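Colleague: Please give me a close look at a single part of this structure, with the whole as its setting. I should also like each term explained where it is used.

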Amino acid sequence: MNGDATKTARELVAKRFPDCETALLAGSVVRGEATSTSDLDLIVIDNNIMSSYRESFIEKGWPVELFVHNSSSYQEYFKSDCERGQPSLPNMVAESIVLTGHQEAEHIKKEARKLLAKGPACWTPKEAEVKRYFLTDALDDFIGTNNRTEELFIANALAEQLGEFVLRINGQWTGTSKWLVRSIKRYDKEFADQFLAAFERYYSAREKEAVIQLAEAVLHTYGGRLFDGFAQGKEGNLDERRLLD
């Protein structure tokens with residue numbers, strides 16, 4: 001299956017981007033984790049294009065996710081991905097196999113690996129406080145709701161916020177959906193087991209206590225619940241008033 005994927009990707013690049021600087025194939029087919037719904041994640045660096053774009057289509061039966069950049073735009077995406085703590089493009093590039101343009105590809109892959117090894121910028125104390133406040137809020141909503149339908153969506157939000165909080169407060173990359181779970185497993189297997197067991201218990205039996213205990217324990221480690229005294233945006237208004245006085 002992987003050989004067929006690589007062959008299809010190479011032929012596609014030769015047909016549509018014959019003069020590109022480099023082309024890379026990433027995703028589950030490269031990791032050996034392909035399923036019946038897997039697609040080809042194809043990254044092309046082509047300086048003939050003015051700006052980056054993304055395109056989805058079918059090629060010889062394969063769903064293709066095409067990410068086209070020039071030598072400037074991929075660096076902008078690297079930067080923005082790292083600033084939000086979710087290195088989607090650097091991850092794709094780092095894990096990829098080279099289809100064409102090996103010298104250029106190795107340079108870009110080296111950049112990606114360096115960024116990933118460095119990790120995201122640490123949260124400021126204020127950023128950590130804001131995240132702790134909203135995690136507390138999500139936990140309170142989860143504890144207090146009596147609406148079973150709404151509870152499912154609150155649980156989803158709580159899982160995302162709890163996973164992100166643990167990762168980012170510890171200087172780790174995060175992600176969404178399956179990438180969040182993978183990031184947690186990569187960071188701390190013991191915590192990942194607790195995290196997954198707690199939410200599996202909730203989703204299978206609608207028992208909330210394990211999730212609540214886990215979230216409470218995380219909050220306790222990093223200062224506890226936060227509600228009383230929290231303010232956002234107030235500081236600037238106070239500074240302006242002092243200047244006016």
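Modeller: The answer below starts with the model as a whole and then turns to one pair of helices.

This is a predicted model, in which local features need pLDDT of at least 70 and side-chain atom pairs count only at pLDDT 80 or more, while totals for chains, interfaces and linings use all residues. Residues are numbered from 1 along each chain as its sequence is written, and side-chain values use heavy atoms, with hydrogens and water left out.

The protein contains 11 helices and five strands; these are DSSP runs numbered from the N terminus, a helix being H or I over at least four residues and a strand E over at least two. Its C-alpha trace spans about 60 × 55 × 30 Å along the principal axes. Of its 245 residues, 42% count as buried, that is, under 20% relative accessible area with a 1.4 Å probe and protein chains only, whereas exposed means over 50% and partly exposed lies in between.

The part chosen is the pair formed by helix H6 (residues 125–144) and helix H7 (residues 148–169), whose axes come within 9 Å and cross at roughly 150°. Such axes are lines fitted to C-alpha atoms, for helices over the stretch in contact, and the angles run from 0 to 180 degrees between N-to-C directions. H6 and H7 are therefore roughly antiparallel to each other, a term for angles over 145 degrees, as against roughly parallel (under 35), roughly perpendicular (65 to 115) and oblique (the rest). The crossing of H6 and H7 is left-handed: the near helix is turned anticlockwise from the far one by less than a right angle, whereas a clockwise turn would be right-handed.

On the H6 side, the residues that meet H7 include Phe 134, Leu 135, Leu 139 and Phe 142. Their counterparts in H7 include Ile 154, Leu 158, Leu 162 and Phe 165. Contact here means heavy atoms within 4.5 Å. By class, the contact of H6 with H7 comprises 12 nonpolar, one polar and five charged residues. Nonpolar covers Ala, Val, Leu, Ile, Met, Phe, Trp, Tyr, Cys and Pro; charged covers Asp, Glu, Lys and Arg; the others, Gly among them, are polar. Among the charged members are Lys 131 and Arg 132 in H6 and Glu 151 in H7.

Helix H7 also holds Thr 149. Thr 149 counts as exposed because its relative accessibility is 54%. Between Thr 149 and Trp 62 there are 37 Å in space, C-alpha to C-alpha, and the two are 87 residues apart in sequence.
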